[in-house]
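Here is a quick tour of a protein chain, written for someone who would rather be at the bench. Have a look at the model first, then read on.

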Amino acid sequence: MKNFKNLNYYEMLDVPVNANDFEIRQAYKDTLSIYSDDSPVTYSLFSDQERDEILGCVELAFSTLIDRKAKDNYNMALVEAGRIDEDSLDKKDSGKLVPIFGARGPGNPGLIKRKVNEKIPEQKVQALISGIMSKERISGADLKALREEMGIELRDVYEVTRISVAVLGFLEADNLSQLPHVSYIKNFLKIYAGFFKIDSDKLVKGYLKNINAGAV
């Protein structure tokens, strides 16, 4: 699992190396919402000093990637260090402000929560939840199955939880190489459980058992 301090600026902001300025600005805004001192995602994970250090790294990443000259110099340094492939930089910005989540406008957290609340009592959903919660190991595929059964998209989960779409995707894929430290995973899972109204302790325990078994 990756250590935040070892991430490059693109990884810190969770954007591709050919991201345009709009995507970088949007990712910066999303990252600040995750690590701010009032964030429900990380408020209990860091001391004030640790949070300040993380936000300092995020500010440096943003200020570098949003400045064309600084970005070009940084890219060259990454290429020379073998941390990125130069070919991945070939795709040039179109100049258009393409929303990071596609053409849809911002979601409505209230409507999304209402949709979840309406789906939960359904017999098929309850049966799926019971089956998942009875497992010793809970996989990302189980999380995906529950989300899809409720008709909820990853972007909808993001709108309410502010956990990035990429991280949610990594959780559902059991992608250890891209997931952050286990303390982050636990907190993300607790928020995920709260969103879908399922037992957070069982989810965390079952999910960690599953990924730990896969890592052996």
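What follows covers the overall fold, two helix pairs and some salt bridges.

## The big picture

Keep in mind that this is a predicted model. The protein chain has 11 helices and zero strands, so the string of elements from the N terminus on is simply α-α-α-α-α-α-α-α-α-α-α.

Of the 216 residues in the protein chain, 39% are buried. Take the contacts between residues at least 6 apart in sequence: 69% of those join residues at least 24 apart.

## Helix α8 and its partners

Let's start with α8, which covers residues 154–161, and α9, which covers residues 165–173. Their axes come within 9 Å and cross at roughly 120 degrees, and α8 and α9 are therefore oblique to each other. The cut-off matters here, because 65 to 115 degrees would count as roughly perpendicular. As for handedness, the crossing of α8 and α9 is right-handed. On the α8 side, the contact is made by L154, R155, V157 and Y158; on the α9 side, V165, L168, G169 and E172 take part. Sort the residues of this contact by type and you get five nonpolar, one polar and two charged.

Helix α8 also packs against α5 (residues 109–119). Here the angle is about 115 degrees, and the axes are 9 Å apart. The crossing of α5 and α8 is left-handed. From α5 come P109, I112 and K113, and from α8 come D156, E159 and V160. The residues of this contact split into three nonpolar, no polar and three charged.

## Salt bridges

Side chains of opposite charge can pair when their charged atoms come close. How many salt bridges turn up in a search of the whole structure? The search finds five, and three of them get a closer look below.

One of them joins E122 to K119, with the closest N and O atoms 3.8 Å apart. That pair still makes the list because the cut-off is 4 Å. Both ends can be placed on the accessibility scale: E122 is partly exposed at 32% relative accessible area, and K119 is partly exposed too, at 24%.

## Around D142 and E136

D142 pairs with K135, and here the closest N and O atoms are 2.7 Å apart. Is D142 buried or exposed? With a relative accessibility of 10%, D142 counts as buried, because the limit for that label is under 20%. Its partner K135 counts as partly exposed, at 39%.

The side chains of K209 and E136 form another salt bridge, at 3.2 Å from N to O. This pair ties together distant parts of the chain, 73 residues apart: K209 sits in helix α11 (residues 200–215), while E136 lies in the loop between α6 (123–133) and α7 (140–149). K209 counts as partly exposed at 34% relative accessibility, whereas E136 counts as exposed at 56%.

## A glycine in α6

Last stop: G131, which is found in helix α6. G131 is partly exposed, with a relative accessible area of 31%. Where does G131 stand relative to D142, 11 residues apart along the chain? The C-alpha atoms of G131 and D142 are separated by 9.5 Å.

Terms used: Residues are numbered from 1 along each chain as its sequence is written. This is a predicted model: local features need pLDDT of at least 70, side-chain atom pairs count only at pLDDT 80 or more; totals for chains, interfaces and linings use all residues. Side-chain values use heavy atoms; hydrogens and water are left out. Buried means under 20% relative accessible area, exposed over 50%, partly exposed in between (1.4 Å probe, protein chains only). Helices (H or I, at least four residues) and strands (E, at least two) are DSSP runs, numbered from the N terminus. Axes are lines fitted to C-alpha atoms, for helices over the stretch in contact, and angles run from 0 to 180 degrees between N-to-C directions. Angles under 35 degrees count as roughly parallel, over 145 as roughly antiparallel, 65 to 115 as roughly perpendicular and the rest as oblique. A crossing is left-handed if the near helix is turned anticlockwise from the far one by less than a right angle, and right-handed if clockwise. Contact means heavy atoms within 4.5 Å. Ala, Val, Leu, Ile, Met, Phe, Trp, Tyr, Cys and Pro count as nonpolar, Asp, Glu, Lys and Arg as charged, and the others, Gly among them, as polar.
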